[in-house]
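This report concerns the strand arrangement, a pocket and one residue of the model shown here.

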Amino acid sequence: GLLSEANIQEVHALWRHPSVEEIRDRKSSLKYRHVAYRMELPLRAHGRGLYERLMETLAWADAALWRKLPDSKVVYPEVEYIVYDARTGSPGGI
């Protein structure tokens, strides 16, 4: 698979990094049943190998489906860690 158990544990550990912040730029008209956290900076700084693997996978997907990256001079990838709390019985989503 794309992520090993060690990769998954690394993502969970990076989510707890002090630089990770909740994303609060969502549309107020939408009712979100999840909490999202911005992860690209701590992932790039502290999980470089995993970050590069994910970016290579994204580039592969773009080449296979959309072919937009070759037209871009610069890109700003955004990585989110999304927490769905299903303890109430409600599925996550928007």
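The text below treats the sheet, then the pocket, then one residue.

The model is predicted: local features require pLDDT of at least 70 and side-chain atom pairs pLDDT 80 or more, while totals for chains, interfaces and linings use all residues. Residues are numbered from 1 along each chain as its sequence is written, and side-chain values use heavy atoms, without hydrogens and water.

Three strands form an open sheet in the order β1-β2-β3, with antiparallel pairing. Strands are DSSP runs of E of at least two residues, and helices runs of H or I of at least four, numbered from the N terminus; two strands pair if DSSP finds at least two bridges between them.

| Strand | Residues | Role or pairing |
|---|---|---|
| β1 | 21–22 | edge strand |
| β2 | 35–38 | antiparallel with β3, four bridges |
| β3 | 80–83 | edge strand |

Tyr37 has Tyr81 in β3 as its bridge partner.

The largest pocket has a volume of about 150 Å³. The elements giving two or more residues to its lining are α1 (5–15), α3 (48–65) and β3, and α1 supplies the largest share, three residues. A pocket is an open set of points on a 1 Å grid over the protein atoms alone, where a 1.4 Å probe fits, with protein on both sides within 12 Å along at least five of seven lines; lining residues have an atom within 4 Å of a point. The volume is the space filled by probe spheres set on the points, which are joined across faces, edges and corners. Among the lining residues are Leu3, Met39 and Tyr81.

Leu2 lies in the segment before α1 and touches Asn7, Arg53, Leu54 and Thr57, not counting residues up to four places away in sequence; contact means heavy atoms within 4.5 Å.
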